[in-house]
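Biologist: Please pick one part of this model and take me through it slowly, as I'm new to this. I'd like to hear what your words mean as you go.

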Amino acid sequence: MPLSTYQTVKGEGSHEIVIQKSRFIAHFTRAETEEEAQRFIERIKKEHWNATHNCSAYLIGEADHIQKANDDGEPSGTAGVPMLEVLKKRGLKDTAVVVTRYFGGIKLGAGGLIRAYGSAVSEGLQAVGVVQRTLVHTVHTEIDYHWLGKVEHALRESPYKMKGIDYLEQVDVQAYVEPDQLESFHEWITNLTNGQATVKTGDELYLESPVS
């Protein structure tokens with residue numbers, strides 16, 4: 001069963017911070033497989049081939065069953081793991097991150113590196129954005145035209161999210177409904193239209209909304 005709701009990065013993006021003259025550039029993407037994550041990491045490494053380090057972390061799967069962290073030459077445990085911990089603390093799924101470091105001449109020490117790589121990911125997530133993905137069905141409500149005003153008004157005032165209206169032989173009013181609300185939606189529409197509506201459950205998809 002797919003997750004009913006989860007959070008992930010909004011999309012591919014990057015954000016740079018400077019700490020003690022070193023540049024830390026956090027690059028993010030969604031990755032639903034380990035192969036996607038690895039391809040992204042390799043692409044960033046090629047783009048920043050002259051960087052001092054390209055450290056990476058990713059977690060994949062509904063239960064985060066794939067988790068990897070790589071320090072790419074930084075002292076063990078000072079880069080990849082703190083990066084991964086930020087993703088986990090934010091509760092993100094299917095997310096990969098690479099932090100590119102261009103050394104600025106000042107050594108940060110183990111504690112400084114841990115804070116720097118963690119900050120690069122935290123601040124990067126703020127800049128790139130996080131979304132909540134919620135599993136829904138597109139539900140089609142077919143009605144005669146004289147019901148349209150009442151149904152459209154009720155839908156817009158309801159907790160259900162309206163998708164659109166198709167004006168066919170009958171009106172097809174579409175709404176997004178979460179799986180555990182399908183039965184109650186059907187009952188609600190049936191009562192609203194005195195049983196005059198035909199309700200059909202359509203495709204399953206994820207709706208995305210920004211997380212502050």
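Modeller: First, some vocabulary: helices (H or I, at least four residues) and strands (E, at least two) are DSSP runs, numbered from the N terminus. Keep in mind that this is a predicted model, where local features need pLDDT of at least 70 and side-chain atom pairs count only at pLDDT 80 or more, while totals for chains, interfaces and linings use all residues. Residues are numbered from 1 along each chain as its sequence is written, and side-chain values use heavy atoms, with hydrogens and water left out.

Let's warm up with a loop. Asn 194 sits between helix H5 (182-192) and strand E10 (198-211). Its phi is positive, near 55 degrees, though Asn 194 is a residue other than glycine. Asn 194 is exposed at 58% relative accessibility; exposed means over 50% relative accessible area, buried under 20%, and partly exposed in between (1.4 Å probe, protein chains only).

Now for the close look: helix H1, residues 34-47. Its 14 residues reach 20 Å from first C-alpha to last, close to the 20 Å expected, where the expected span is 1.5 Å times one less than the number of residues. Ala 37, Phe 40, Ile 41 and Ile 44 are the buried residues of H1. They cover an arc of only 100 degrees around the axis, so they lie on the same side of H1; that arc is taken from the directions from the helix axis to the C-beta atoms. The other side of H1 has Glu 35, Arg 39 and Lys 46 exposed. And what do the buried residues of H1 pack against? Their partners are strand E3 (22-30), E4 and strand E6 (95-102), with contact meaning heavy atoms within 4.5 Å.
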